[in-house]
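Notebook open, structure loaded. I want to go through the overall make-up, then the rings, then the cysteines.

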Amino acid sequence: MSKQCFLLFWCILLYSSLLTAEKTKSLYFGYITTLSGPLVLSGAIPVVDLALELINERDDVLQNYTLNYTHILDSKCDRTTSLDNFFQLINNDTTYVSLIGCGCSPATIPVAEISHYWNIPHLAYAAGADILNDRSRFKNFFRTILSFRYSGASLGQLMREFGWRQMAVITQDEILFRQ
């Protein structure tokens, strides 16, 4: 009889531990950045990895979920390549809750323009083109960098702060730098 009680006790213990076991589900975001080309942003990868580590180790953020990315795709700071990468992401078996990228503004603009059709929030950390301010055109687009529109005012304030009378700014002659 005691052997049956002992076995019953272990069965109850095992069953209760299975009920209280944390069932962690994975959430994935697409990650497209510029790893090669005229602007290399590979330095952001350790920052994203650190942010993921900090988010995933907290119990009060995304409870019972872990946030991950599958792999990093290279946009090469090119609009066509970034679109190809985006379609590669959405046509595989993984469901993405968001998209980070696509690196520079020329690569980000076309993807930001269409990502809302798949209801994918798009977050960029290096795309500062003024055109991305248009919320009617870029419905699910958000960024962590200021628009280039505000760089003139920022530079003016910097000049006043240090008492400078002259400053030179060198840019490329591309539409995203013109206002």
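How much area does the chain expose, and what share of it do carbon and sulfur atoms supply? I get about 12000 Å² exposed, with 59% of that coming from carbon and sulfur. Note to self: this is a predicted model.

**Entry 1: the overall make-up**

I looked up the secondary structure and found five helices and five strands. Read from the N terminus, the order is α-β-α-β-α-β-α-β-β-α. The chain has 179 residues, and 31% of them count as buried. I also checked how far the contacts reach along the sequence. Taking contacts between residues at least 6 apart, 55% join residues that are at least 24 apart.

**Entry 2: the rings**

Next I went through the aromatic pairs; the count comes to eight. I picked Tyr-31 and Tyr-69 to look at in detail. Their ring centres are 5.2 Å apart and the planes meet at 80°; anything over 60 counts as edge-to-face, so that is what I call this pair. Where do the two partners sit in the chain? Tyr-31 is in strand β1 (residues 25–33) and Tyr-69 is in strand β2 (residues 65–74), so to speak of distant parts of the chain is fair: they are 38 residues apart. Tyr-31 is buried, since its relative accessible area is 0% and the limit for buried is under 20%. Phe-29 joins in as well: ring pairs link Phe-29, Tyr-31 and Tyr-69 into a cluster.

For contrast in geometry I took Phe-162 and Trp-164. The ring centres of Phe-162 and Trp-164 are 5.2 Å apart, but the planes are at 20°, so I have this pair down as stacked. Is Phe-162 buried or exposed? Phe-162 is exposed, with a relative accessible area of 51%. Trp-164 comes out as partly exposed at 41%.

One more ring to jot down: the charged end of Arg-135 sits over the ring of Phe-142, at 4.9 Å from the ring centre.

**Entry 3: the cysteines**

How many disulfides are there? I count one. Cys-77 is joined to Cys-104, with an S to S distance of 1.9 Å. The torsion about this S-S bond is about 120°, so I log the disulfide as right-handed. Which parts of the chain does the pair tie together? Cys-77 is in the loop between β2 and α3 (79–90), while Cys-104 is in the loop between β3 (96–100) and α4 (105–114), so the tied parts are 27 residues apart in sequence. Both Cys-77 and Cys-104 are buried.

Then I checked Cys-102, which is in no disulfide. The nearest cysteine sulfur belongs to Cys-104 and is 8.9 Å away; a disulfide needs the sulfur atoms within 2.5 Å, so Cys-102 stays unpaired. Cys-102 is buried too, with a relative accessible area of 0%.

**Entry 4: a histidine**

Last stop is His-122, in strand β4 (residues 122–124). His-122 is buried, with a relative accessible area of 0%. What is His-122 in contact with, leaving aside its neighbours within four places in sequence? I find Leu-99, Gly-101, Cys-102, Thr-108, Val-111, Ala-112, Ser-115, Asn-140, Phe-141 and Phe-142. Two of these names were in my notes already: Cys-102, the cysteine in no disulfide, and Phe-142, the ring under the charged end of Arg-135.

Technical notes:
Residues are numbered from 1 along each chain as its sequence is written. This is a predicted model: local features need pLDDT of at least 70, side-chain atom pairs count only at pLDDT 80 or more; totals for chains, interfaces and linings use all residues. Side-chain values use heavy atoms; hydrogens and water are left out. Helices (H or I, at least four residues) and strands (E, at least two) are DSSP runs, numbered from the N terminus. Buried means under 20% relative accessible area, exposed over 50%, partly exposed in between (1.4 Å probe, protein chains only). Contact means heavy atoms within 4.5 Å. Accessible areas come from the Shrake-Rupley method with a 1.4 Å probe; for residues, only the protein chains shown count as cover. Rings of Phe, Tyr and Trp (its six-membered ring) pair if their centres lie within 6.5 Å; planes under 30 degrees apart count as stacked, over 60 as edge-to-face and the rest as tilted. A charge sits over a ring if NZ of Lys or CZ of Arg is within 6 Å of the ring centre and within 35 degrees of the ring normal.
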